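Look at the chain below as a whole before turning to its interior. The text after it goes from overall form to the packing inside.

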Amino acid sequence: LPAASGLAEMGAHWIHGPSPGNPIFRLATSYSLLGPEAAQEENQQVEVGGHPLLPSVTYGSSGKALSPTAVSEARHLFDTLLESARAFQGTKELPAPSVGQYLRGEIARRVPALGEGREDARRLQLAVLAACLKLECCISGTHSMDLVALEPFGEYVSLPGLDCTFPGGYSSLPDCMLSALPEGTVLLNKAVRTIQWKGSFREEGDEARDFPVRVECEDGDAFLADHVIVTVPLGFLKEHHQDFFQPPLPQRKVEAIRRLGFGTNNKIFLEFEKPFWDPQQQLLEVVWEDESPLEEPGTDLEANWFKKLIGFVVLQPPEQHGHVLCGFIAGKESEYMEMLSDEEVLGTMTHLLRTLTGNPHLPTPRSVLRSRWHSAPYTRGSYSYVAVGSSGDDIDALAQPLPEDPEDPRPLQLLFAGEATHRTFYSTTHGALLSGWREAERLNQLFQAPSSA
């Protein structure tokens, strides 16, 4: 989305793990869409475990930058614990049902040793750990890590590579991919109302041939097909699968849709006349110094929604974007933010930044822009996670084509793709792309099969 002097990515932001194993990275490279850093061999080998590594400053709620040593100490502990949370696949006796409860248990065990026994240092470490959990909520697209299942958590695969962005915007990639297709192949702004399958539909005036699938659009147009690849987000399926498919989906798929997690992660862009941060700073992080992961978070969204914000990424380079901060916020607080007016969000963000920097005269941002993924009727959130009570098997069940009977004379009427159907790369753009290729390949195989007639 072009905004101000540059680009604001309302959706996907980074290529996570830009290295040869990532198909988004390979395509972007083949179209020459990336900057010179992404191409460097050493950058393709960095293991960041899904966290962008950026030069940062951490502001405390008392209005000053926190000691980088104290912050990195707590972060290192958190990263170690998070890594240990990935080791429970196939374990029968789990220490806790969720990642959040597991991490809290591990943190509680270490409390006496935190901050080398000094009360103020210990409190600061706990506050930083609470901030780490919020960041993890953004990465997992969930309201709380207590909703994310522990046992399958390690199935998600992080690719190596220093996360990078598209200088021309993420949309430059689909634009290149589309340019290879014949004019008019892709219809946009054509919302689908229902997909009828297991039917026998004929075109007007064509008695020769019938089709098992009929896709009806909200504007009344209909398309007949032998095969349809469905890529709508899991959030939409959770709300509409009953009326979206006729006949309804089989029970196993319905259960998978119900059990898998789907949450919200939003961005808040703030554009400034001139920067109040140092030119080398690319990430401004936020720690509420009175918080602890061992205490229940407040539920008063109106009073506290902004405390879920993990901080701001500085959009690079300023020559292209102007002076823009991009804040990230997940969960119920993020959904509450969507309901507020631009003025309210701008006012709250200004107050927040004045509090954090300890500068009551910090200028108001020139403009605000934000994503609203939960309100968006066809997404109803951002991306999927494996929730408590679900497993990677549910992802595979969601990906299974219909009809279920492999011997059906009309196979592969409905195929399913999208990030929520990829067992190891869910929540990512590369997972979404691979899932689409997977379903296209299923159809290729079908068409290449020797005819039984």
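The paragraphs below describe the overall form and then the nonpolar cores.

This is a predicted model, in which local features need pLDDT of at least 70 and side-chain atom pairs count only at pLDDT 80 or more, while totals for chains, interfaces and linings use all residues. Residues are numbered from 1 along each chain as its sequence is written, and side-chain values use heavy atoms, with hydrogens and water left out.

The protein chain holds 15 helices and 18 strands (DSSP runs, H or I of at least four residues for helices and E of at least two for strands, numbered from the N terminus). Its radius of gyration, taken over C-alpha atoms, is 24 Å. The globule rule (2.2 Å times the number of residues to the power 0.38) gives 22 Å for 453 residues, which is close, so the chain is as compact as a globular protein of that length. Of the 453 residues, 49% are buried (under 20% relative accessible area, 1.4 Å probe, protein chains only).

Next comes the interior. A nonpolar core is a set of buried Ala, Val, Leu, Ile, Met, Phe, Trp, Tyr and Cys residues joined through side-chain atoms within 4.5 Å. The largest one has 46 residues, and V99, L103 and L129 touch the most other members. At least two residues each come from helix 4 (68-84), helix 5 (99-110), helix 6 (119-140), strand 13 (283-287) and strand 15 (323-330). Helix 6 gives the most, 10 residues.

Leaving aside residues up to four places away in sequence, V99 touches L82, A85, M145, V148, A149, L150 and F153 (contact means heavy atoms within 4.5 Å). A second, separate core has 26 residues, including W305, F306, M349 and L352.

How values were computed
Buried means under 20% relative accessible area, exposed over 50%, partly exposed in between (1.4 Å probe, protein chains only).
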